[in-house]
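Here are my notes on the ligand site and the internal cavities, set out as numbered points. Please read them with the model open beside you.

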Amino acid sequence: MKIWSDKEKLSREEIRKIQFKRLKKTLNHVYENVPYYHEKFTAAGVKPVDIRTLEDLRLLPLTTKEDLRQTYPFGLFAVPKNKIVRYHASSGTTGKPTVVGYTKNDLKVWREVIARIATMGGVTNQDTAQITFGFGLFTGAFGLQQGLEKVGAGVIPMSSGNTQKQIMIMQDFQTTTLIGTPSYALHLAETATEMGIDPKTELFLKYGLFGGEGSTEEMRAKLNEAWGIISTENYGMSELIGPGVSGECQAFKGMHINEDHFIAEIIDPNTLEVLPEGSVGELIITPITKEALPLIRYRTKDITKLDTTPCDCGRTTARMAKITGRTDDMLIIGGVNVFPSQIEGVLLGIKGIGSNYQIRVMKKGYLDRIEIDVEVINQDLLLSVTLLDQLYKEIESKLHTILGIHAGIHLVEPKSLARSEGKAKRVIDMRS
Ligand code: DLL
């Protein structure tokens, strides 16, 4: 099986050497060019010169989404705006998104790390890859597109939705590689069957590259069976690059981290102490080649563990295990990140509804669905179809603007939702 880059086969010592050199460069870059980091380092009593070994990284303060929120939109950018050639964004915890930027070189790095992941998944220039992630501010689609093209695959930028058309194109273009979330891939297989097309024998898929949301081994087995494919998983995050942080090879022993571009640590999310290899904890990532937005020790909030033992595939890079959960309350709805605080922000800004609400997350077939019960303030409103419809539409469209997804809204009688006696349990996730 081909390995895209020699950088994936370096000795552990060589990897650490490269990481340290690039880390030092990145630290100097942010210290000199991002006043926010300069102050943050000063407050922590540390300067780039104090970092003398790779292990000294832990002396540096962690970065969180809150830091990005406070400096919205461009406060953590380390280059002037005229060096930015691309913007993307992901969900913030409130109404404003988290904005990320890329220089020309950042895009080059992005293409490279995706090319590696695509190769791990089996993709070559013989393949036709259909991207079902949404093209737009989300990093998933554009990120994968460029790297797949670098490998030489023929990309079909289908974007999200239009499920029946996706199947038609898969059939007519003889798509061999499916790119998307695992839940949408299952939905697609089901839809093909409903259309009277056997996904295994009447379509041409060989590979699935899935990511953007968690999945289980059971789900992989279902996907492989339904499509007759080899599926691999990949992981990433907008703040760090988008997809491309890590990807799975066909030894299926975890996702290889592109360690010449990212340093990974695992911390205890409560004490914030760095944990030894193999421990389960929160993943912290420091990108070490990013020019536009080099975040230092970014708290991903994702729970996993690391393994640097040799892999059967011949790559020497550390592998991260499947994400088993998050340390915050972020929900992932069909690959879209949703914070309950975003929903609350919208609801509390709408006249005519109370402050009590309940969010329910469920599966409809293989797809995620979010339903929100909201109390109206005035009982009489429930008697007027016109007013009710207006209110419903207002809530629906404001939530769609902020979340980027459609939620099912149920307007209910005043004081009909259960009141909590302690911490309000606003979210019921019925998916697991
Ligand atoms: O989801 C980037 C991406 C796109 C990765 C497409 C892979 C494929 P964000 O929208 O910023 O970026 O969401 C990042 O999604 O912190 C995880 O909680 C979750 N996530 C991403 N990949 C996986 C995965 C993209 N393979 C957040 N398993 C992350 C579990 C994942 N969770």
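1. A cavity here is a set of points, on a 1 Å grid over the protein atoms alone, where a 1.4 Å probe fits but cannot get out, and its lining residues have an atom within 4 Å of a point. Grid points are joined across faces, edges and corners, and a volume is the space filled by probe spheres set on the points.

2. The model is predicted, so that local features need pLDDT of at least 70 and side-chain atom pairs count only at pLDDT 80 or more, while totals for chains, interfaces and linings use all residues. Residues are numbered from 1 along each chain as its sequence is written, and side-chain values use heavy atoms, with hydrogens and water left out.

3. Searching the whole structure gives two cavities of 30 Å³ or more, and the largest holds about 100 Å³ of space. Its lining comprises 13 residues, with Phe-210, Ser-215, Arg-220, Leu-223 and Glu-233 nearest the centre. Strand E6 (207-211), helix H8 (217-227) and E7 each contribute at least two residues to this lining, where helices (H or I, at least four residues) and strands (E, at least two) are DSSP runs numbered from the N terminus.

4. The second largest cavity has a volume of about 80 Å³, and the residues that line it include Lys-65, Arg-69, Tyr-72, Lys-96 and Val-99. Helix H3 (65-70) and strand E2 (98-102) are the elements that give two or more residues to this lining, and H3 provides the largest share, three residues.

5. Turning to the ligand, 24 residues surround it, and Glu-233, Asn-234, Ser-238, Asp-302 and Asn-337 come nearest; a residue is counted as near when one of its heavy atoms lies within 4 Å. The largest share of this shell, five residues, comes from E7. By class, the shell has eight nonpolar, 11 polar and five charged residues, with Ala, Val, Leu, Ile, Met, Phe, Trp, Tyr, Cys and Pro taken as nonpolar, Asp, Glu, Lys and Arg as charged, and the others, Gly among them, as polar.

6. Which atoms of Ser-238 and of the ligand lie 2.6 Å apart? They are a polar side-chain atom of Ser-238 and an oxygen atom of the ligand. A polar side-chain atom of Arg-326 lies 3.2 Å from a ligand oxygen atom, whereas for Glu-213 a backbone N or O atom lies 3.2 Å from a ligand nitrogen atom. Taken alone the ligand exposes 620 Å², of which the protein buries 98%, with accessible areas from the Shrake-Rupley method and a 1.4 Å probe.

Methods. A polar contact is a pair of N or O atoms within 3.5 Å; within protein, one must be able to donate a hydrogen and the other to accept it, and residues adjacent in sequence count only if both atoms are side-chain atoms. On a 1 Å grid over the protein atoms alone, a cavity is a set of points where a 1.4 Å probe fits but cannot get out, and a pocket is an open set with protein on both sides within 12 Å along at least five of seven lines; lining residues have an atom within 4 Å of a point.
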